[in-house]
Amino acid sequence: MQKVKIPITLDPGRAAQRRASYDGIVKLEELSRLQQVVQDQVGEIAVTIHCDIDQQGLVVVRGSARARLTVLCQRCNDELGLDLAQDFAYSPVGLGAESEDLPESYDVVELDEEGEINLRQIIEDELILAIPIVPMHDEASCSFSDKPASFGEIEAEESKPNPFEILKQLKKDS
């Protein structure tokens with residue numbers, strides 16, 4: 001299958017009847033919310049999408065998104081490269097429709113006014129969810145140091161008398 005540009009929106013009903021498949025890329029520049037989370041400003045995300053009708057007669061949009069992105073390590077504040085790979089399966093529902101009948105293995109995606117779903121938004125959501133909440137290097141490879149960071153010398157304070165020493169003396173006297 002040749003690499004194609006992933007469409008922005010898709011009519012899942014028609015695509016499922018045709019059993020449409022897409023194997024291509026989405027540019028990172030097109031995903032503004034993901035750009036705010038990562039250090040990269042340019043890059044490509046490898047995406048595969050397959051539309052089908054399952055055994056229950058439900059329209060299903062399955063796919064995967066794979067990307068190599070850079071975030072900040074929360075321990076040492078250096079760059080951390082992440083290999084993100086996220087698989088997903090969605091079943092579309094109409095605007096305001098109930099989704100109680102869907103199997104748990106499917107996530108719900110709501111159709112817009114034209115009866116389409118926004119694939120870029122789904123891909124962006126999945127990759128944001130794939131990023132760890134607190135991204136950190138392995139302890140062995142992290143440049144964080146346990147040594148206390150201090151700047152200059154701290155002068156020793158003069159020893160002050162303990163204000164409770166008088167109470168101690170009163171207790172001994174009684």
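Two strands count as paired if DSSP finds at least two bridges between them. Helices (H or I, at least four residues) and strands (E, at least two) are themselves DSSP runs, numbered from the N terminus. The model is predicted, so local features need pLDDT of at least 70 and side-chain atom pairs count only at pLDDT 80 or more, while totals for chains, interfaces and linings use all residues. Residues are numbered from 1 along each chain as its sequence is written, and side-chain values use heavy atoms, with hydrogens and water left out.

**Exercise 1. Find the order of the strands in the open sheet and name its edges.**

Step 1: Begin with the inventory, which is four helices and eight strands in the protein chain.

Step 2: Walk along the sequence, and the pattern reads β-β-α-β-α-β-β-β-β-β-α-α.

Step 3: Now look at the sheet, where six strands lie in the order 1-3-4-5-6-7 with mixed pairing.

Step 4: The edges are strand 1 (4-5) and strand 7 (107-110), each of which pairs on one side only.

**Exercise 2. Follow Thr-48 of strand 4 to its partners in the neighbouring strands.**

Step 1: Take the strand 3 side, where strand 3 (residues 21-27) runs antiparallel to strand 4 over seven bridges. Here Asp-23 is the residue opposite Thr-48.

Step 2: Turn to strand 5 (residues 59-72), which pairs with strand 4 (residues 44-53) over eight bridges, again in the antiparallel sense. The bridge partner of Thr-48 in strand 5 is Ser-64, and Val-47 faces Ala-65 in that strand.

Step 3: Finish at the hairpin of strands 4 and 5, with five residues between the strands; Gly-57 has a positive phi near 85° there.

**Exercise 3. Decide whether Ser-91, Arg-120 and Ala-140 are buried or exposed.**

Step 1: Set the cut-offs: buried means under 20% relative accessible area, exposed over 50%, and partly exposed in between (1.4 Å probe, protein chains only).

Step 2: Ser-91 belongs to strand 6 (residues 79-93). Ser-91 is buried because its relative accessibility is 1%. With contact meaning heavy atoms within 4.5 Å, and residues up to four places away in sequence not counted, Ser-91 touches several residues, among them Leu-58, Tyr-106 and Val-109.

Step 3: Arg-120 sits in helix 3. Its relative accessible area is 10%, so Arg-120 is buried too. Leaving aside neighbours within four places in sequence, the contacts of Arg-120 include Lys-5, Pro-7, Val-26 and Glu-30.

Step 4: Ala-140 is in the loop between helix 3 (119-130) and helix 4 (165-173). Ala-140 has 83% relative accessibility and therefore counts as exposed. Its C-alpha atom is 39 Å from that of Tyr-90, and the two residues are 50 residues apart along the chain.

**Exercise 4. Describe the overall form of the protein chain.**

Step 1: Compare radii of gyration, taken over C-alpha atoms, with the globule rule of 2.2 Å times the number of residues to the power 0.38. A compact globule of 174 residues would come near 16 Å, but the protein chain has 28 Å.

Step 2: Check the spans along the principal axes, which are about 95 × 40 × 30 Å for the C-alpha trace.

Step 3: Add the share of buried residues, 33% of the 174 in the protein chain.

Step 4: Consider contacts with a separation of 6 or more; residues 24 or more positions apart account for 53% of them.
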